[in-house]
Amino acid sequence: MRTHFAWMVTPFVLMAAVGCSEAKEVKSTETAVVAQATETPSAAPAAPAAAGHVTGKIMFSGTQPTLKKLDMAADPVCQGLHAGAVHSETVLVNANGTLKNVFVYVKKGLEGKTFPAASEKVKFDQHTCMYDPHVMGVRVGQPIEIVNSDTTLHNVHAMAKVNPEFNYGMPFEGMALPAQFDKPEIMVKVKCDVHPWMNAYIGVVEHPHFAVTGDDGSFDLGELAPGEYVIEAWHEYYAAQTQTITVPAAGEVVFTFAHTEGGA
Amino acid sequence: MSRAFGWIGIVLFLVTLWGFWTEYNREWKGYQRGFRRLLAERTQKELQEARDRLSGPELEKARAALEQAVTIKKENQEDYDEGVKERKAARHIFFKEDRKRQFIKSRLDAALYRYEHEVKSGRAGEFEKGAVEELKRELSEQEERAAGLEKIKDQAEARVEHYDSPVDAAQADIGRLEADVRRLEKKLRQTQAQALVFPRGLEIKQFNLEELGRVDRCMTCHMGADQPGLEDAPPPFATHPQFKTLLASHPPEKFGCTSCHGGQGWATTREAAHGRVEFWHEPLLDGKFIETRCLQCHSGVTQLEGAPVVMKGRQLFEQYGCWGCHQIEGFKPLEEHRVGPKLVSLGSKTSQKWLEAWIRDPKTVRPKTRMPAFRFAEGEVEAISAYLASLRDDTIGPGYAAAEKELGHLSQYLAEGQELVGKLNCAGCHKVGAEGDVYAPELTLIGDKTRPEWIYQWLKDPKKLQPHTHMPDFRLTDREAFVITEYLASLKGQGVRAGLQGGVQQGGGEPQETLIARGKELIASKGCMACHEVEGIEQKLIIPPLTGLADKHIHELEFGYTRPEEVPRTVYDWVRHKINKPGVFDTERIFANMPTFNLDDSEVEALLTYLMTLTEHGLPESSRSPLTERERAIELGRQIVREHNCTACHKIEGVGSDVAPDLAGEGKKVRQDWLFHFLKEPRTLRPWLDARMPNFGFDDKEVTGLVAYFAALDGEPYPYESFETPAPTEEGLEAGKQLFEMFKCLACHVAGEVPEGVPTENLAPDLTQVKHRLKPEWVKAWLEDPQKIQPGTRMPTNWPYIMGRYYVPPPAKDILGGDVALQIQAVRDYLMVFEGVEEEPEPLPEPAVVPAEGEATQAEPVQEPVFETQ
């Protein structure tokens, strides 16, 4: 049986560029470019995965765009926290050619299933006048702790569309506030109105099968029961992409985000 | 012979029968019979559906249960009968003994009374005491006996119930299930009885409305109009399509039918009732024209739910300045405001050539203009243009020349001007290229028309050139006005349009002086003054009034040489053709002076609908619904808002742009005295932005109208507003100041002077203005939850209410006992006296947060500030 699966898990990639409100600069030609890129077996053949365990990575093609330099002059406290120049985190390409801060989750295929509630608290920090993490995922109802680790005033303004919008003042270092989102929402943008350069994105999903890519661009969506699933990879600058996979046949799921032109 | 008489007799008999039949069988009776048949059919159908519902397993189960219960009862008939007998005996004995108990109790009560009386009056009461004791003993014996008998009686009853109750329960179940069917069966019998071939009780149904002078018999045939549930019935039986909305507020008992629908109310045949007969001038209004009737009572409003077409027509009548010639009630007098600009200083503004092109056919120069095209004879256009071009103003020019001298012509000005045009939202009123509104003249090719000197002067002070203009004063600096002028003057067209530029052109052969004199005459006779004020010229045109236009008999209208196939002989068709092509009814003796407005079909129909409201036979005053004071204030406010196009920048009543703040809740937010002064002379609230509230030069009437409007929208009292006067204590103010500093309000808010050299992205309004501008209650509500008042606002709350409790940062916990309401009030009170600060407050670092005391709904342990991420 295992060898049989090993044959079936030869990389297959289906690309679909799905328009997203947050996406900019995505040309209609991109789909074609991407499709071409993925036909070549450039993606490393996947190691035989355990049946139902879905993993993958986010590749980046093209040249890394020039990132905007952040001007923190409005708040001397913020400026003082950084010795050199600070750049925007819009597009972060890792050393291995993968893309960081991509929120990957199972978009379809888990409807009607129930999952144990997520009680583990996640921290959302305002640190050195930046958000940490810049992109994160939480479960519906999962407790979030919003922390201000700076000695300046931040306001945490979650511009949720499906969930209730909130905007709390956090004037003290070490101040912490609880929060949670009760409905799934891709994505909740969070900004600080005092420091207009600060922004972050939180993906709220009903199930635990989601991940945010880190420094190696890989993701692990955990064990999925056999069946067909739609996986979406969301990025703040590029259009979201989806792939339909079949578990357990699916091997490593690879998405490629291509940068065409301009700075981010 | 006798045979002939016999035949004649038969014929006469048949004729008599026929006479009776036609007399009996009136058209309306056919409808009534039809309606009754419809009801019977529908009931039959409903009944069938109810029966179908009943054939389900539930009923079968209940029936089986009943059958079983009855069988059991029958099988044990002897036991049952015995039980009934036993129950009868037991009941009899029990009631008898129980009555005895009641008597003994009464005697005891009487004895007790006497005993207590004796004790109170100081006598010994020995005898009565003995009687009391005796009766008490007797009562308890009797109670015991009765209780025993009750038990026996209950047992006997239970024995009978054992057989009866299952029967009752099953019957009740069946009854509940069958109730619908029975009700419908009954209804069916009734409706079928009514739907016989010769049914009884057919009668004319009429509303006799003495006050309105109407007798409406429409519902004799339209029988289902007031019966909900017949929405899908065929005409004429269907429920009124606006049964819940319109009919509810316009009951036919009060308004009848023809008041709104037209037609001949008392007629009892279809054709006559619908009024499509000769000599009846109020035919049934179908489709859009039904809205004409709304304004019989709802005149004086500019927004009316359910009547979009007539409201659009009214708006067109207003916007196109029809009222300039055809004066009717409800529009401003001409002296106060005309739709077009005053014809002054045109020679300093534009060229004679441009004027000629414009006057000849305005739409070719600006497709969206509201200026109509007149039918001129040869040479008239040139004469009018020559006169207008002779109007010069020497004060235009020096301002521009000075700015030009100082600033020169730099290529960067074009981009700067364009950016400023964007930031000031000129496109909110003017079309500039592809963008913009047609409220004000299009600027796309303004460079062809207008000289830069004039543009500059206009931008600096519009009211100086046109005292009645709606163009506001943006308080532009010389440089701002100059760069915008540079940009606008650069907007020039190509080809033919290029020929419009340039200086005064000489008329062909005719001396300029006589040309000018002839132009002046023409302006007076062509009716230009209906829309434009021209100094020194009196209107010479006589224009028929439109009052009572809808009442006009077709014989009063001149149809010219048109044939009835082209223009049907109705007022509607006459007006429609007249709007579309004013000269359509011209003859040798009649020349229509009315110009062509080039309206599209929907506009023509809307305008026509509005014009058809102009009747002198409206409903009497008593049936109208007069506007309340609040409604009047709102109506006036809406008119001012519309006239000045406030929604080009602001959202008002949910409509408009988001260039400037949404004014929802403005009446609750700002003080009326502040608003009055602000509207009179706006000061820039956010000086760091290029966008600014311009000065519209409102007169006192308009300003008070607007203040009253915002008050009315929010249900605030006007003109005497009342609000809480903060009376802070020394301690409260100190606490407010502490909190104000703790929360670092001035991280975004300006206090007096706008800080220099800092990015302006996050700046927020000047807090030293709070006391002059905002209502104290509003400030409290705003501080507590800004998102609630203005969703999406950048203002955060400092007292987050999360999952059922308030969170107060620890350093603030000791202030005013951590009481959120007191803290909010303290900050508000401080803001109400805030004059600015001298030194930067020190930050107060302290970790963790605890819920405010007394506010927590459930006590949770204090959270550690730092957690491992998942």
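Is B:Arg217 buried or exposed? That was my opening entry, and I kept in mind that this is a predicted model. I counted 22 C-beta neighbours inside 10 Å for B:Arg217, so I put it down as buried.

**Around B:Arg217**

I found B:Arg217 in the loop of chain B that runs between β2 (214-216) and α6 (243-249). I then listed what B:Arg217 touches, leaving out residues up to four places away in sequence: B:Ile204, B:Lys205, B:Gln206, B:Gly265, B:Trp266 and B:Thr268. I looked at B:Thr268 again, because the contact list made me curious about spacing. Along the chain B:Arg217 and B:Thr268 are 51 residues apart, yet I get 7.2 Å between their C-alpha atoms.

That same loop between β2 and α6 of chain B also holds B:Pro236. I checked the peptide bond joining B:Pro235 and B:Pro236, and it is cis, with omega about 5°.

**Another cis bond, in chain A**

I noted a cis peptide bond from A:Asp132 to A:Pro133 as well, omega near 0°. A:Pro133 sits in the loop between β4 (130-132) and β5 (135-139) of chain A. My reminder to myself: most peptide bonds are trans.

**A sheet in chain A**

Next I traced an open sheet of three strands in chain A, with the order β13-β1-β16 and mixed pairing. Which strands stand at the edges? I have β13 (218-223) and β16 (253-258) there; each has a single partner strand, so one side of each lacks a neighbour in the sheet. On average, neighbouring strands here are turned by 20° against each other, direction ignored.

I zoomed in on β1 (residues 53-61), which pairs with β16(A) in the parallel sense over six bridges. For A:Ile58, I found the bridge partner in β16(A) to be A:Phe255.

**A glycine in β14**

I looked up A:Gly227 in strand β14 (residues 227-234) of chain A. It has 12 C-beta neighbours inside 10 Å, so I logged A:Gly227 as exposed. Leaving out residues up to four places away in sequence, A:Gly227 touches A:Gly109 and A:Val247. I also took the C-alpha separation from A:Gly227 to A:Gly52: 9.0 Å, with their positions 175 residues apart along the chain.

**Two helices in chain B**

How do α24 and α27 of chain B cross? I have α24 (residues 629-643) and α27 (residues 700-713) with axes that come within 8 Å and cross at roughly 125°. That angle makes α24(B) oblique to α27(B). I noted the crossing as left-handed.

From α24(B), the residues I see in the contact are B:Arg630, B:Ala633, B:Ile634, B:Leu636, B:Gly637 and B:Ile640, and among those they meet in α27(B) are B:Glu702, B:Leu706 and B:Tyr709. Sorted by class, this contact gives me nine nonpolar, two polar and two charged residues.

**Positive phi**

I flagged B:Arg475, whose phi is near 50°, a positive value in a residue other than glycine. B:Arg475 lies in the loop between α19 (462-465) and α20 (478-489) of chain B, and with 15 C-beta neighbours inside 10 Å it counts as partly exposed.

I flagged B:Glu653 too, with a positive phi of about 55°. B:Glu653 is in the loop between β5 (651-652) and β6 (655-656) of chain B. Its 15 C-beta neighbours inside 10 Å make B:Glu653 partly exposed.

**Where the chains touch**

Last entry: I found 36 residues of chain B in contact with 31 residues of chain A. The chain B side of that has 24 nonpolar, eight polar and four charged residues.

Conventions:
Residues numbered from 1 in each chain as written. Chains lettered and ligands numbered in written order. Predicted model: local features only at pLDDT ≥ 70, side-chain atom pairs only at ≥ 80, totals over all residues. Helix = DSSP H or I, 4+ residues; strand = E, 2+ residues; numbered from the N terminus. Buried ≥ 20, exposed ≤ 12 C-beta atoms within 10 Å, placed from the backbone. Contact = placed C-beta atoms within 7 Å. Pairing = 2+ DSSP bridges. Axes fitted to C-alpha atoms, helices over the stretch in contact; angles between N-to-C directions. Nonpolar A, V, L, I, M, F, W, Y, C, P; charged D, E, K, R; others polar. Parallel < 35°, antiparallel > 145°, perpendicular 65-115°, else oblique. Left-handed = near helix turned anticlockwise from the far one by under 90°.
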